[in-house]
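Trainee: I am new to this one. Please show me the words and the cut-offs behind them.

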Amino acid sequence: MSQRVVFITGGSRGIGAACARRFAAGGDRVVLGYRQAHTQAQALAEELGGWAVRCDVTDPVQVQKTVDNVLDKFCQLDILICNAGVAQQKLFGDLTDADWRHIFAVNVDGVFHTIRAALPHFIHRKAGRIITMASMWGQVGASCEAAYSAP
């Protein structure tokens with residue numbers, strides 16, 4: 001059986017990096033999607049023998065190109081982990097329209113864009129796994145994080 005290929009959005013640090021380490025320890029090939037943390041993503045990719053690729057999940061064209069590049073490079077994608085997310089600590093009354101849209105663009109639209117890009121491959125292969133990360137604040141809410149808790 002060939003190695004599984006795992007694409008993790010928000011894979012350069014935190015939960016995404018922990019997932020990458022775990023999958024790599026199990027013998028899987030990891031692709032680390034990142035938006036800004038280039039140095040961290042590259043260092044982690046070198047540590048794990050993985051591949052770091054800049055991918056802003058708010059941009060559907062960029063996401064599609066990234067998934068296509070993963071498929072071109074590895075000829076497969078087995079597991080997609082939608083982990084990219086942002087939070088902003090502000091009182092609800094202090095949130096701007098731009099704050100609200102940015103949080104939803106990453107935390108909701110980003111998941112949609114990424115799954116939509118990978119799904120045709122999974123359907124064609126009749127195989128694949130999609131894991132979406134969420135915060136406990138989505139269940140109970142959090143002070144000063146109304147927008148983050150909403151999705």
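Mentor: Start with burial. Buried means under 20% relative accessible area, exposed means over 50%, and partly exposed is in between (1.4 Å probe, protein chains only). This model is predicted: local features need pLDDT of at least 70, side-chain atom pairs count only at pLDDT 80 or more, and totals for chains, interfaces and linings use all residues. Residues are numbered from 1 along each chain as its sequence is written, and side-chain values use heavy atoms, with hydrogens and water left out.

Trainee: Why is Lys126 called exposed?

Mentor: Its relative accessible area is 76%. The cut-off for exposed is over 50%, so Lys126 is exposed. Lys126 sits in the loop between H4 and E5. Its phi is near 60°, a positive value in a residue other than glycine.

Trainee: What makes H4 a helix and E5 a strand?

Mentor: Both are DSSP runs, numbered from the N terminus: at least four residues (H or I) for a helix, at least two (E) for a strand. H4 covers residues 97-125, and E5 covers residues 129-132.

Trainee: Is His113 in H4 buried or exposed?

Mentor: Buried. His113 has 11% relative accessibility, and the limit is under 20%. His113 belongs to helix H4. From His113 to Asn83 it is 30 residues in sequence and 13 Å in space, C-alpha to C-alpha.

Trainee: How do you know that E4 and E5 pair?

Mentor: Pairing needs at least two bridges found by DSSP between two strands. E4 and E5 have 4, in the parallel sense. Within that pair, Ile79 is opposite Arg129 in E5. E1 (residues 5-8) and E4 also run parallel, joined by 3 bridges. There, Phe7 faces Leu80 of E4. Strand E2 (residues 29-34) meets E3 over 4 bridges, again in the parallel sense. Gly33 is opposite Val53 in E3.

Trainee: What is the order of the strands in the open sheet?

Mentor: E3-E2-E1-E4-E5, 5 strands with parallel pairing. E3 (51-54) and E5 are at the edges because each has a single partner strand, so one side of each has no neighbour in the sheet. Neighbouring strands are turned by 15° against each other on average, direction ignored. Such angles lie between axes, lines fitted to C-alpha atoms (for helices over the stretch in contact), and run from 0 to 180 degrees between N-to-C directions.

Trainee: Why are both faces of strand E4 called covered?

Mentor: Look at residues 79-82, the strand itself. Ile79 and Ile81 point to one side, Leu80 and Cys82 to the other, and all are buried.

Trainee: How many disulfides come out of the rule?

Mentor: The count is 0. A disulfide requires a pair of cysteine sulfur atoms within 2.5 Å. For Cys55, the nearest cysteine sulfur is that of Cys82, 10 Å away, and Cys55 is in no disulfide. Cys55 is buried, at 5% relative accessibility.

Trainee: Why does Cys75 have no bond to a cysteine sulfur?

Mentor: The closest cysteine sulfur, in Cys55, is 19 Å from that of Cys75, so the gap is too far for a bond. Cys75 is exposed at 65% relative accessibility. Cys75 is in the loop between helix H3 (60-74) and E4. Its phi is near 65°, a positive value in a residue other than glycine.

Trainee: What makes Glu47 and Arg21 a salt bridge?

Mentor: A salt bridge is a side-chain nitrogen of Lys or Arg within 4 Å of a carboxyl oxygen of Asp or Glu. Here N to O is 2.9 Å, so the pair fits the rule. The two are 26 residues apart and link distant parts of the chain: Glu47 in helix H2 (residues 38-48) and Arg21 in helix H1 (residues 14-25). Arg21 is partly exposed, with 39% relative accessible area.

Trainee: How many salt bridges does the structure hold?

Mentor: There are 5. Among them is Asp99 with Lys90, whose closest N and O atoms are 2.6 Å apart. Asp99 is buried at 12% relative accessibility, while Lys90 is partly exposed at 26%. Another joins Asp109 to Arg101, at 2.8 Å between the closest N and O atoms. Asp109 is partly exposed at 27%, and Arg101 is partly exposed at 42%.
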